[in-house]
Amino acid sequence: KQIRQKYSIAASKINNVMNVTKSTQSKLEASIRTSGSPLSWNNFGASQQTALGTTSFNRKGVASSRLNRKARTNAKRGVTATIIKGQKVNLPTAFIQIANGGITVFARGRNKGNAQGFEFAKPRLPIGNITTLSVPMMFGDNKVMDGISRRVVEVLNERISHEINYLIRK
């Protein structure tokens, strides 16, 4: 719930990569583990944007207008997605294609490596898949962790008082 309060992602995507181990009488230990790779933009409601007027964008995201030519109303303006709730992100050089069994967001460029991002624009570089955060990165966010910590302390205090009252009445 804490991840979904900040990020615009489906609960099923989080639940598929999260493992919750509850404590028992014999094992007084609980854990929450997440794993997974960076998620594609299609998990965040990515949509292809089209131009409303005569302005178009090249591969580097530079705008150019077509003043003395017929208006191209279907010129592409990139892909827009909402990763953090309330903040739309637009990649002017990206496009959507059906690939790998679903809708995928691509751009001309290449991945630079782990956590270094994506290098855009060079015309001869290959076309690469655009990815975002992984669920473990979302889970490790300070705002998310603060909410989880507060809830853990709250439930722990509630359960300890309940168990003590149970043992006293026994």
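These questions and answers walk through the predicted model.

Residues are numbered from 1 along each chain as its sequence is written. In this predicted model, local features need pLDDT of at least 70, side-chain atom pairs count only at pLDDT 80 or more, and totals for chains, interfaces and linings use all residues, while side-chain values use heavy atoms, with hydrogens and water left out.

Me: In which element is confidence highest, and in which is it lowest?
Reply: pLDDT is the predictor's confidence in each residue, from 0 to 100. The protein has a mean pLDDT of 79, and 74% of its residues reach 70 or more. Confidence is highest in helix 4, at 91, and lowest in strand 4 (residues 55-57), at a mean of 57.

Me: How many helices and strands does the protein have?
Reply: Helices (H or I, at least four residues) and strands (E, at least two) are DSSP runs, numbered from the N terminus. By that count the protein has four helices and 11 strands.

Me: What share of the residues is buried?
Reply: Buried means under 20% relative accessible area, exposed over 50%, and partly exposed in between (1.4 Å probe, protein chains only). The protein has 170 residues, and the buried share is 25%.

Me: How much area does the protein expose?
Reply: Accessible areas come from the Shrake-Rupley method with a 1.4 Å probe; for residues, only the protein chains shown count as cover. Carbon and sulfur atoms supply 51% of the exposed area, which totals about 12200 Å².

Me: What does helix 4 reach from its first C-alpha to its last?
Reply: Helix 4 covers residues 142-169. The expected span of a helix is 1.5 Å times one less than its number of residues. For the 28 residues of helix 4 that gives 40 Å, and the model is close to it, at 41 Å.

Me: Which residues of helix 4 are buried, and what does their cover include?
Reply: The cover includes helix 1 (2-6) and helix 3. The buried residues in helix 4 are Val144, Gly147 and Ile148.

Me: Which residues form a nonpolar patch on the surface?
Reply: Patches are made of residues with over 30% relative accessible area and no salt bridge: like charges are joined within 9 Å, nonpolar side chains (Val, Leu, Ile, Met, Phe, Trp, Tyr) within 5 Å. Leu156, in helix 4, is partly exposed at 47%. The patch has about 400 Å² of accessible area together, from Leu156, Ile160, Ile164 and Ile168.

Me: Which residue forms a salt bridge with Asp141?
Reply: A salt bridge is a side-chain nitrogen of Lys or Arg within 4 Å of a carboxyl oxygen of Asp or Glu. The structure holds three. The closest N and O atoms are 3.0 Å apart in the one between Asp141 and its partner, Lys6.

Me: Why does the pair of Asp141 and Lys6 tie together parts that are apart in sequence?
Reply: Both residues are buried. Asp141 lies in the loop between helix 3 and helix 4, whereas Lys6 lies in helix 1, so the pair ties together parts separated by 135 residues.

Me: How are Arg151 and Glu154 separated in helix 4?
Reply: Their side chains meet in a salt bridge at 2.8 Å, N to O. Arg151 is partly exposed at 47%, and Glu154 is partly exposed at 45%. An α-helix has 3.6 residues a turn, so residues three or four places apart point the same way. Arg151 and Glu154 are three residues apart, about one helical turn.

Me: What is the N to O distance between Glu163 and Arg159?
Reply: Both lie in helix 4, four residues apart. Glu163 is partly exposed at 36%, and Arg159 is partly exposed at 38%. Their side chains meet in a salt bridge, N to O, at 2.9 Å.

Me: Is Thr132 buried or exposed?
Reply: Thr132 lies in the loop between strand 11 (127-129) and helix 3 (135-139). Contact means heavy atoms within 4.5 Å. Leaving out residues up to four places away in sequence, Thr132 touches Pro38, Leu39, Trp41, Phe44 and Ile83. Its relative accessible area is 15%, so Thr132 is buried.

Me: How far apart in space are Ala107 and Ile127?
Reply: Ala107 sits in strand 9 (residues 102-113). Ala107 is buried, at 0% relative accessibility. The two residues are 20 apart in sequence, and their C-alpha to C-alpha distance is 5.6 Å.
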